[in-house]
2 protein chains.
Amino acid sequence: MATSQTLDRTLTALADPTRRAILQRLSAGEARVTEVARPFNMSLNAVSKHILVLERAKLVKRRRMGREHFLSYRPEPLDAAAKWMAETRTFWAGRLDALEQLLREEDAAKP
Amino acid sequence: MATSQTLDRTLTALADPTRRAILQRLSAGEARVTEVARPFNMSLNAVSKHILVLERAKLVKRRRMGREHFLSYRPEPLDAAAKWMAETRTFWAGRLDALEQLLREEDAAKP
DNA sequence: AATATATTCAACCTTTTGGTTGAATGTGAA
DNA sequence: TTCACATTCAACCAAAAGGTTGAATATATT
């Protein structure tokens, strides 16, 4: 039903630069908590909390293997965001074209 | 250049349900501050603050006409969001199809 | 000029957020 | 068993967010 709360969680999770960086890291493939945390200039605990926020938003899934937790990226929650944008037609109008073009340009850049 | 800060402002603005509702209202056309505020169960001042956040994110533009301020919706900041999503390819992959389909369904529903 | 309307500014309060450090838990390695 | 490692839990803190009320400002209306 795309509760407003779901959308809130998704957008709130996305609104933080650290969390966006984490997602970008994970979009390149699974990684453990420590690995994800390494590049950041903050405590492991802080990163762990950010991961929890992403997990609550279902943008990240955790797979426990012994003492290691493997994190992976989950795109599903973006459906709600896309839906909201579609509902706010004028809002979104034209953006889709821009996005399509961006993606096409990216494809064109790679052989 | 799509500063991380720009993206932050956009997504932070979008992360609040009141502000999303305001944008939806404005996507239906210009309105004054008081008009925008009316449906909400909070003080005019609170709504005024939300509008300032949307303005700072450039999602809303203000046109002063005497004592009345007319607000209108501005979609441009979403470019940065779209760009970020395009950059996080795996992240976004598949979502575009879903969005396209949603929009096509909407179009089909209207003669 | 006096009053009403549209809006923001300022001060304040409470809750949430993003970070810290230190201890606890669970698992693997010596 | 003992020690190291991976991760979270708990308590704490400062700053930001979201709301309130009351006063200020600017513009209309009478």
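Reader: Which atoms of DNA strand D within 4 Å of the protein make up 60%?
Author: A residue counts as near a strand if one of its heavy atoms lies within 4 Å of it. In this predicted model, the atoms of DNA strand D inside that cut-off are split between bases and two other groups. The 60% share belongs to sugar or phosphate.

Reader: Which element supplies the largest share of the surface near DNA strand D?
Author: Elements that each supply at least two residues include α3 (33-37), α4 (44-56) and β3 (68-73) of chain A. Chain B contributes α4 (44-56) on the same terms. The largest share is four residues, and the element is α4(B).

Reader: How many charged residues does the surface near DNA strand D have?
Author: There are 20 residues around the strand, and Arg62(A) and Lys49(B) are among those that come nearest. By class, four residues are nonpolar and eight are polar. The charged residues number eight.

Reader: Which residue has a side-chain N or O atom 2.4 Å from a base oxygen of DNA strand D?
Author: Ser48(A) has a side-chain N or O atom 2.6 Å from a phosphate oxygen. His69(A) places a polar backbone atom 2.9 Å from a phosphate oxygen. The base oxygen is instead paired with the side chain of Asn45(B).

Reader: What phi does Gly29(B) take just after α2(B)?
Author: Helix α2 (residues 17-27) of chain B has buried residues including Ile22(B), Leu23(B) and Leu26(B). At its start, a side-chain oxygen of Asp16(B) comes within 2.8 Å of the backbone nitrogen of Thr18(B). Just after the helix, Gly29(B) has a positive phi of about 135 degrees.

Note on methods: Residues numbered from 1 in each chain as written. Chains lettered and ligands numbered in written order. Predicted model: local features only at pLDDT ≥ 70, side-chain atom pairs only at ≥ 80, totals over all residues. Heavy atoms only, no water. Polar contact = N/O pair within 3.5 Å; in protein donor to acceptor, adjacent residues only side chain to side chain. Nonpolar A, V, L, I, M, F, W, Y, C, P; charged D, E, K, R; others polar. Buried < 20%, exposed > 50% of the residue type's maximum accessible area, 1.4 Å probe, protein only.
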